[in-house]
Amino acid sequence: MTSTEIYSTSAVDSDPPPQTRSKTSLFCPDCGHESAVTGDWTTEATENSLQLRCPNCDTVVQQR
């Protein structure tokens, strides 16, 4: 006699996780720092733009 295994998945397993981050968050691609756009980013004005830099590693994360 052989046994048959039955696998089932619930709807909870297939639902995407709830969004836990704000859409206004920025992420540093180099060190992973995360903060709101209005958070602790260092700002630097240039002649034609405004740069937001990571406070940890000084990487430009956004340029406006």
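1. Contact here means heavy atoms within 4.5 Å. Among contacts between residues at least 6 apart in sequence, 21% join residues at least 24 apart. The model is predicted: local features need pLDDT of at least 70, side-chain atom pairs count only at pLDDT 80 or more, and totals for chains, interfaces and linings use all residues. Residues are numbered from 1 along each chain as its sequence is written, and side-chain values use heavy atoms, with hydrogens and water left out.

2. Overall make-up. The chain has one helix and five strands, in the sequence pattern α-β-β-β-β-β. Helices (H or I, at least four residues) and strands (E, at least two) are DSSP runs, numbered from the N terminus. Of the 64 residues, 20% are buried; buried means under 20% relative accessible area, exposed over 50%, and partly exposed in between (1.4 Å probe, protein chains only). The accessible surface is about 5400 Å², and carbon and sulfur atoms account for 49% of that surface. These areas come from the Shrake-Rupley method with a 1.4 Å probe; for residues, only the protein chains shown count as cover.

3. The sheet. Three strands form an open sheet in the order E3-E4-E5, paired antiparallel. E3 (42–45) and E5 are the edge strands; each has a single partner strand, so one side of each lacks a neighbour in the sheet. Neighbouring strands are turned by 25 degrees against each other on average, direction ignored. For such angles, axes are lines fitted to C-alpha atoms, for helices over the stretch in contact, and angles run from 0 to 180 degrees between N-to-C directions. Two strands pair if DSSP finds at least two bridges between them.

4. The E4–E5 hairpin. Three bridges join the antiparallel strands E4 and E5. Gln51 has Gln63 in E5 as its bridge partner, and Leu52 has Gln62 in E5. Six residues lie between the two strands of this hairpin, and Asp58 in the turn has a positive phi of about 70 degrees.

5. Asp58. This residue is in the loop between E4 (50–53) and E5 (60–63). Asp58 is partly exposed, with a relative accessible area of 44%. Its C-alpha atom is 9.4 Å from that of Asp30, the two residues being 28 apart along the chain.

6. The core. The largest nonpolar core has six residues: Leu26, Cys28, Trp41, Leu52, Cys54 and Val61. Such a core is a set of buried Ala, Val, Leu, Ile, Met, Phe, Trp, Tyr and Cys residues joined through side-chain atoms within 4.5 Å. Leaving aside neighbours within four places in sequence, Val61 contacts Leu26, Phe27, Cys28, Pro29, Trp41 and Leu52.

7. Ser35. Strand E2 (residues 34–36) contains Ser35, which counts as buried at 14% relative accessibility. Not counting residues up to four places away in sequence, Ser35 touches Thr24, Ser25, Leu26, Asp40 and Trp41.

8. Cysteines. The structure holds zero disulfides, a disulfide being a pair of cysteine sulfur atoms within 2.5 Å. Why is there no bond between Cys28 and Cys57? The sulfur of Cys57 is the closest cysteine sulfur to that of Cys28, but at 3.5 Å it is too far for a bond. Cys28 is buried, with a relative accessible area of 4%, whereas Cys57 is partly exposed at 33% relative accessibility.
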